[in-house]
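Biologist: Before we discuss this protein, please show me the sequence and the structure.

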Amino acid sequence: MYDYLVVGSGLFGAVFAHEARKNGKSVLMLERRNHVGGNIYCEELDGINIHKYGAHIFHTSYKDVWEYVNQFVEFNNYVNSPVANYKGELYNLPFNMNTFTKLWGVVTPQEAANRIAQQRTVIQGTPQNLEEQAISLVGTDIYTKLIKGYTEKQWGCSCTELPAFIIKRLPVRYTFDNNYFNDKYQGIPIGGYNKLIDALLEGIEVRLGIDYNDNSAEYRKLAAKVVYTGPIDAYFAYSLGRLEYRGLRFETERLEELNHQGVAVMNYTQREIPYTRIIEHKHFEFGTQPVTYITKEYPADWHPGEEAYYPVNNDKNQQLYEKYAARAKQESNVIFGGRLAEYKYYDMDDVIKSALICAEKEF
Ligand SMILES: Cc1cc2nc3c(=O)[nH]c(=O)nc-3n(C[C@H](O)[C@H](O)[C@H](O)COP(=O)(O)OP(=O)(O)OC[C@H]3O[C@@H](n4cnc5c(N)ncnc54)[C@H](O)[C@@H]3O)c2cc1C
């Protein structure tokens, strides 16, 4: 009998398991996939770490979380500075002075602010949809070239059909600063994310290719407590209905090129191109390999059985989640944690923080 059975080897499960072991507890981990790491898992090809479940950039303002991960792996000084490609015109993101000079030839922050202020006036009164909301925040040019097509691809419908509240604010920076994140700490683990997971799981017994829900009654007997990080509706055999997700489809290609696009992340903001971005993985780690790998990322509808990427936290799903969460509270000796069990979008630092808080309560 183990002290803990941890279901799922993503960051939540791995951090919890590490802390449990550190506190002298015995842990068995079950993982449905044939590898550990959850969505931060990378596959190494030609010496390049391919982010298999979407590009992951570690960024945080939590000093404790930053120090925590740095115990296990060193981080490089990668700074995320994506570029937007609109019909072959390239613009720096997030919206900043580099973007504005390219758009309008302006030189000073005041000139840029005047342009935006002037273009915003086309919307009078309360914005009625996402298009009007975006224009009322950043004006017509930024909306048309950098927001419209990208958003329409992501949601699978026109911006005029989407409600205004989806976009509350659109940060605009009047400095020449292409650093996408505002956080104090940022980087990619040197040698890839698998190093972080492997270090967290050192000494932990892991069984791969096992879905806890296939035989939960038997697995439940293996430990005094269960830490469950899989989908909450699956735990309850979907008895109240299914929670919905947005899906993603990835197409990865190996290219006989040294450098394909010169940046790790290029967003395609025109509607006619079906993918939203192209990731060139080697740039996350300043790779110098003679070949390169790119991944085109397509937004996709999600169907049961497929990989669940983003929760759709609308009223319907949120209400269903609350019902499952109420049931989860009744389960004795089961802890529910992580993005799937809490039906919540979590950045990596937040999920680590949440696992550490959970562990602190336990030990
Ligand atoms: C496309 C994309 C890009 C992202 N980019 C970033 C980024 O740039 N920066 C950032 O900070 N965060 C990013 N994130 C968020 C990041 O992926 C999450 O914070 C993190 O993966 C959450 O860890 P987790 O342990 O909760 O879940 P997961 O990583 O999903 O781990 C859950 C694990 O449980 C396993 N499992 C599920 N059910 C069962 C079962 N029944 N039995 C056994 N095993 C099971 C799964 O196979 C999986 O391995 C991104 C997310 C996505 C989707």
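Modeller: Two residues are in contact here when heavy atoms of each lie within 4.5 Å. Please bear in mind that this is a predicted model.

Biologist: Which residues does T269 touch, not counting residues up to four places away in sequence?
Modeller: T269 belongs to the loop between β12 (265–268) and β13 (277–280). Its relative accessible area is 2%, under the 20% limit, and therefore it is buried. Leaving out residues up to four places away in sequence, T269 touches A84, N85, Y86, K145, L146, G149, Y150 and K153.

Biologist: How many ångströms separate the backbone oxygen of K145 from a polar atom of the side chain of T269?
Modeller: K145 is among the residues that T269 touches. The pair consists of the K145 backbone oxygen and a polar side-chain atom of T269, and the distance is 2.7 Å.

Biologist: Is I142 buried or exposed?
Modeller: I142 lies in helix α6 (residues 140–155). Apart from neighbours within four places in sequence, I142 is in contact with F95, F100, L103, W104, I116 and I147. Its relative accessibility is 0%, so I142 counts as buried.

Biologist: How far apart in space are I142 and F95, C-alpha to C-alpha?
Modeller: F95 is one of the residues in contact with I142. The two are 47 residues apart in sequence, and from C-alpha to C-alpha the distance in space is 8.3 Å.

Biologist: Which residues of helix α2 are buried, and why do they lie on the same side?
Modeller: In helix α2 (residues 63–70), the buried residues are V65, W66, Y68 and V69. They lie on the same side of α2 because they cover an arc of only 160° around the axis. In general, an α-helix has 3.6 residues a turn, so residues three or four places apart point the same way. The names asked for are thus V65, W66, Y68 and V69, and the arc is 160°.

Biologist: What covers the buried residues of α2?
Modeller: Both helices and strands contribute to this cover. The elements include α1 (11–22), β5 (58–60), β8 (185–187), α7 (193–200) and α11 (348–362).

Biologist: Which residues around the ligand come nearest?
Modeller: There are 34 residues around the ligand. They divide into 18 nonpolar, 10 polar and six charged residues. Those that come nearest are E31, H56, R339, Y346 and M348.

Biologist: What percentage of the ligand's accessible area does the protein cover?
Modeller: Oxygen atoms of the ligand take part in several polar pairs: one lies 3.0 Å from a backbone N or O atom of F12, one is 2.7 Å from a side-chain N or O atom of H56, and one is 2.7 Å from a polar backbone atom of M348. On its own, the ligand has 1,000 Å² of accessible area, and the share covered by the protein is 97%.

Biologist: Which elements give two or more residues to the shell around the ligand?
Modeller: The shell draws on helices and a strand. The elements that give two or more residues are α1, β2 (27–31) and α11.

Biologist: Which residues are joined by a cis peptide bond?
Modeller: Most peptide bonds are trans. In this model, a bond with omega of about -10° is cis. Its second residue, P94, is found in the loop between β7 (89–92) and α3 (97–104). The residues joined are L93 and P94.

Biologist: What is the phi of D46?
Modeller: D46 is placed in the loop between β3 (42–45) and β4 (48–51). At 42% relative accessibility, D46 counts as partly exposed. Most residues other than glycine have a negative phi. D46 is not a glycine, yet its phi is positive, at about 50°.

Biologist: Is E74 buried or exposed?
Modeller: E74 is found in the loop between α2 and β6 (83–86). Not counting residues up to four places away in sequence, E74 touches I188, P189 and I190. Its relative accessibility is 58%, which is over 50%, so E74 counts as exposed.

Conventions:
Residues numbered from 1 in each chain as written. Predicted model: local features only at pLDDT ≥ 70, side-chain atom pairs only at ≥ 80, totals over all residues. Heavy atoms only, no water. Buried < 20%, exposed > 50% of the residue type's maximum accessible area, 1.4 Å probe, protein only. Helix = DSSP H or I, 4+ residues; strand = E, 2+ residues; numbered from the N terminus. Arc of directions from axis to C-beta. Near = heavy atom within 4 Å. Polar contact = N/O pair within 3.5 Å; in protein donor to acceptor, adjacent residues only side chain to side chain. Areas by Shrake-Rupley, 256 points an atom, 1.4 Å probe, with all protein chains shown as cover. Nonpolar A, V, L, I, M, F, W, Y, C, P; charged D, E, K, R; others polar.
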